[in-house]
Amino acid sequence: MNVEGIGNKMMDAGFQAGGSGAASVQRQIRMLQKELNQLGQKKELTREEAEKKKELEKQIAELKQQLQKIKAEEAKAKQEKPKTEEKALQGETGKGENIDEFI
């Protein structure tokens, strides 16, 4: 049983499935949690299974951190989008159009 590389396989599977961003990470977390739950149902674990469980828990924690970062970046981008659109609209109308109001 190969414990190393589980996360890499999951990461590859998540991104190859056509997903990206938060949805992909959530899918990876669910896959790892399912595998972890299967190990958790056993009364006794072999040494390899215990190591695998520990690795799965670590990877889930890392993915949850990654998910938080992605969501924070998406929220920031969502907040900045109206500002960017507003600046673009101001650029389209031109700064000199309002000059008649001040004269």
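Of the contacts (heavy atoms within 4.5 Å) in the protein chain with a separation of 6 or more, 60% link residues 24 or more positions apart. Keep in mind that this is a predicted model, where local features need pLDDT of at least 70, side-chain atom pairs count only at pLDDT 80 or more, and totals for chains, interfaces and linings use all residues. Residues are numbered from 1 along each chain as its sequence is written, and side-chain values use heavy atoms, with hydrogens and water left out.

The fold itself reads α-α-α-α along the sequence, with four helices and zero strands (DSSP runs numbered from the N terminus: H or I of at least four residues for helices, E of at least two for strands). Just 22% of the 103 residues are buried, meaning under 20% relative accessible area, against over 50% for exposed and partly exposed in between (1.4 Å probe, protein chains only).

Now look at α2. Its 20 residues reach 28 Å from first C-alpha to last, close to the 28 Å expected at 1.5 Å a residue (that is, 1.5 Å times one less than the number of residues). Its buried residues include Ser24, Gln28 and Glu35 alongside Val25 and Leu32. The buried set sits on the same side of α2 because it covers an arc of only 160 degrees around the axis, taken from the directions from the helix axis to the C-beta atoms. Turned away from that side are the exposed Arg30 and Lys34.

What does the largest nonpolar core contain? Eleven residues, among them Ala22, Ile29, Leu56 and Ile70; such a core is a set of buried Ala, Val, Leu, Ile, Met, Phe, Trp, Tyr and Cys residues joined through side-chain atoms within 4.5 Å. Both α2 (21-40) and α3 (47-93) give two or more residues to this core, and α2 brings the largest share, six.
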